[in-house]
Amino acid sequence: MSQRSKEPQWNQEEGSLRLFLRGRALNFYGPSDLTDYNISKQADAPSETLQLEWVYGYRGRDCRSNLYYLPTGEIIYFTAAVVVLHNVEEQTQRHYLGHTDDIKCLAIHPDKIKIATGQVAGHELRETKPQAKKKSAAPDESLPHVRVWDSVSLNTLHVIGLGVFNRSVCCLSFSKLDVGQQLVIVDEANEHIMTVWDISKEKPHKIAETKSSGDPVLAVEYHPLEKNQIVCCGKGQISFWTLEGGSLAKKQGIFDKYEKPKYILCLAFADNGDVLSGDSNGNIFVWGRGSQRIINAKLAAHDGGVFSLCVLKDGNLISGGGKDRKIIQWDNTYNKTGPETELPEAYGPVRTLSQGKGGLILVGTTKNCILHGSLDLEFSLIVQGHTDELWGLASHPSQHQFLTCGSDKQLFLWDTQSRSVVWNKEMNDAIHSCCFHPRGGIVAVGTSVARWLVLDLATREIISVHTDGNEQIECIQYSPDGSMIAVGSRDNYIYVYSVSEDGKKYSKIGRCSGHSSFVTHVDWSEDNQYLTSNSGDYEILFWTASSCKMLTNTQVIKDIKWATQNCVLAFNTVGIWPEGVDGTDINGCCKSHNERFLVSCDDFGKVNLFSYPAIQPRSACHSYKGHSSHVTSVSFLFDDSRLISTGGKDTAVLQWQVV
């Protein structure tokens, strides 16, 4: 088939638009009152835009040393492709959005204003070496790189290492004694290349490069008191590097009589210049300043690994345990002082510790929580979030609240005005989909094991449990009047139930059979009579809900008014499909309640805002970054004031204001 014949085609006689997805021809029927349709007309993006207002989430599950207190009164951390500057007292957030993909590491300049953050290779580059990419005039910012930026103005000062780093940047550190004129960076290449950059001029340049280790490197730090000394650690090693005349000389740490640990997990520096290390055996070792030998050891400081060490302003040391979830304080002679604190299991093990405001301590955990408090007082939760892939999202029909659910078995109810968790409940299985009953007091959730459950929103009690088929419940949706529910399964069927007693009683009507692949999206008609559905092989089918019979009469189909727009394949959504896109690239869409906007979410980490309906092929839109992996779901709040988006692997929930 020629490229020309794969262009979208409008059939005036039938009132149908033919679109090609992955070589497959799809027909979409326009409403019968559409008389002056012109396929080549350009559709404009809306005059309104989206502005990132709030980020729910923190990346503690697999990233270290990424939580600090700034002189601005904000705490800084990251999740997905966003660096969050969060003022806890004022309940405000600012966001640095310079990155194009997952941020993996963060360092604070000695001036406490400049920040360096490093990212992974973008989606299309993850399997390719940067050298193998075509050379273009503009540097490709989807390559792994480091950005140095100003935390007050949020302006980018330097972009470092485009085309130099491989895969990702795993750790970095500013020099201390020369007030941060240098930056050391370690990448995720097989040999974990360490590079040192002079960032004192307008254009940073590389001053040294060496292979650091064939095994993972977990931390790198400039020594605060020894000029040109860099310490790094990781699997089976701690190394002391000296930078001299453009080259890096390495001395390995010597363990002498002590058992060499599998991993050295973290580093800190005592006030006198000694180097402190925490390892996977639970030990803390003190390495003499300027030497690579252990001069003091606290064996079995923790049960399991020592995940973080932090020297406080008063000279005391605190250590955080991975397995035992304990935070322990030590004096400057490394004797335990004060009470031990054990974090609740729900928050997870300690990932990182740092000094907060005044005497407070900031704690990031491996379950993506951030806490603050002191060792003699309770720790309070600042940030909470999902820890595994996230697909389920639903907005409350009449309140500023929404639900999310994911593979971590967690169901969260969030409030967009207080920007906090109302409650969360752990289920027995991974959850993939959710929806609210139109009256708002009942929610239905679909699991990965063919079960779907109905909960009372106020009590969180499960009031009804059903099993349909033996595969994942992909989507679930109540009819507009709440009298029926449609349950779309990975087994290719849609199960329809009648609903009574305000969402408490369910009886099966039947199942819609006809899809040749798994059901991905369903929508109800405004009059509760019809359903439309999409499937994994790009089918668009229509059904009479009360009989579960397939509807094939195009004259009827054309003029059905749909209550929602979850189906990514529909006449009103043809414009969201860019040229050459794979049919799996767009994961979800949603129209606003006032029917002015249509938002799509895709595999490229983007949230896209269109005018509704998007009936012109390749309609113009506003695209927004912030997520890093595939964006799985989008949903407008009931009053269209905000849009919520969920990331898949990045587990982040972003709240956007319609401006």
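## Worked exercises: cores, cysteines and rings

The largest nonpolar core in this predicted model has 28 residues, and Y77, I370, V607, L643 and W656 make the most contacts inside it. Strands that give two or more residues to this core include β4 (50-56), β6 (75-79), β7 (82-87) and β32 (380-383). Further along the chain, β50 (597-602), β51 (607-611), β53 (631-636) and β55 (653-658) do so too. Apart from this core lies another one, of 22 residues, with Y538, V568, F571 and Y612 among them.

**Exercise 1. Work out which residues W656 and R642 touch, leaving aside neighbours within four places in sequence.**

Step 1. Start with W656. Its contacts include L50, Q51, L52 and E53, plus V607, Y624 and K625. It also touches S641, R642, L643 and S645.

Step 2. Now place R642: look in strand β54 (residues 642-647). Its contacts are E53, then S635, F636 and L637, then Q655, W656, Q657 and V658. So E53 turns up for W656 and for R642.

Step 3. Is R642 buried or exposed? The cut-off for buried is under 20% relative accessible area; R642 has 18%, so it counts as buried.

Step 4. Check for a polar partner. The R642 side chain makes a polar contact with the side chain of S641, at 3.3 Å.

**Exercise 2. Find out how many disulfides the structure holds, and why C170 and C310 are not in one.**

Step 1. Recall the chemistry: a disulfide is a covalent bond between the sulfur atoms of two cysteines. The cut-off used here is sulfur atoms within 2.5 Å.

Step 2. Take C170. The closest cysteine sulfur is in C171, 3.8 Å away, which is too far for a bond. C170 is buried, at 14% relative accessibility.

Step 3. Take C310. The closest cysteine sulfur sits in C266, 11 Å off, so that's too far for a bond as well. C310 is buried too, with a relative accessible area of 9%.

Step 4. The count for the structure is zero disulfides.

**Exercise 3. Describe the surroundings of L353.**

Step 1. Find L353 in strand β29 (residues 350-355). With a relative accessible area of 4%, L353 is buried.

Step 2. List its contacts beyond four places in sequence: S308, C310, I318, S319, G320, I327, I361, L362 and V363. C310 should look familiar from Exercise 2.

Step 3. Try a long jump. L353 and H432 are 79 residues apart in sequence, and their C-alpha atoms are 33 Å apart in space.

**Exercise 4. Pick apart some of the 21 aromatic pairs.**

Step 1. Try F165 and W197. Their ring centres are 6.2 Å apart and their planes sit at 65 degrees, so the pair is edge-to-face.

Step 2. Trace the chain. F165 is in the loop between β12 (156-160) and β13 (169-174), while W197 is in strand β15 (residues 193-198), so the pair ties together parts that are 32 residues apart in sequence. Both are buried: F165 has a relative accessible area of 1% and W197 has 7%.

Step 3. Move on to F285 and W287. With centres 6.4 Å apart and planes at 80 degrees, this pair is edge-to-face. Both residues are buried.

Step 4. Widen the view: F240, F255, Y258, F285 and W287 form one aromatic cluster.

Conventions:
Residues are numbered from 1 along each chain as its sequence is written. This is a predicted model: local features need pLDDT of at least 70, side-chain atom pairs count only at pLDDT 80 or more; totals for chains, interfaces and linings use all residues. Side-chain values use heavy atoms; hydrogens and water are left out. A nonpolar core is a set of buried Ala, Val, Leu, Ile, Met, Phe, Trp, Tyr and Cys residues joined through side-chain atoms within 4.5 Å. Buried means under 20% relative accessible area, exposed over 50%, partly exposed in between (1.4 Å probe, protein chains only). Helices (H or I, at least four residues) and strands (E, at least two) are DSSP runs, numbered from the N terminus. Contact means heavy atoms within 4.5 Å. A polar contact is a pair of N or O atoms within 3.5 Å; within protein, one must be able to donate a hydrogen and the other to accept it, and residues adjacent in sequence count only if both atoms are side-chain atoms. Rings of Phe, Tyr and Trp (its six-membered ring) pair if their centres lie within 6.5 Å; planes under 30 degrees apart count as stacked, over 60 as edge-to-face and the rest as tilted.
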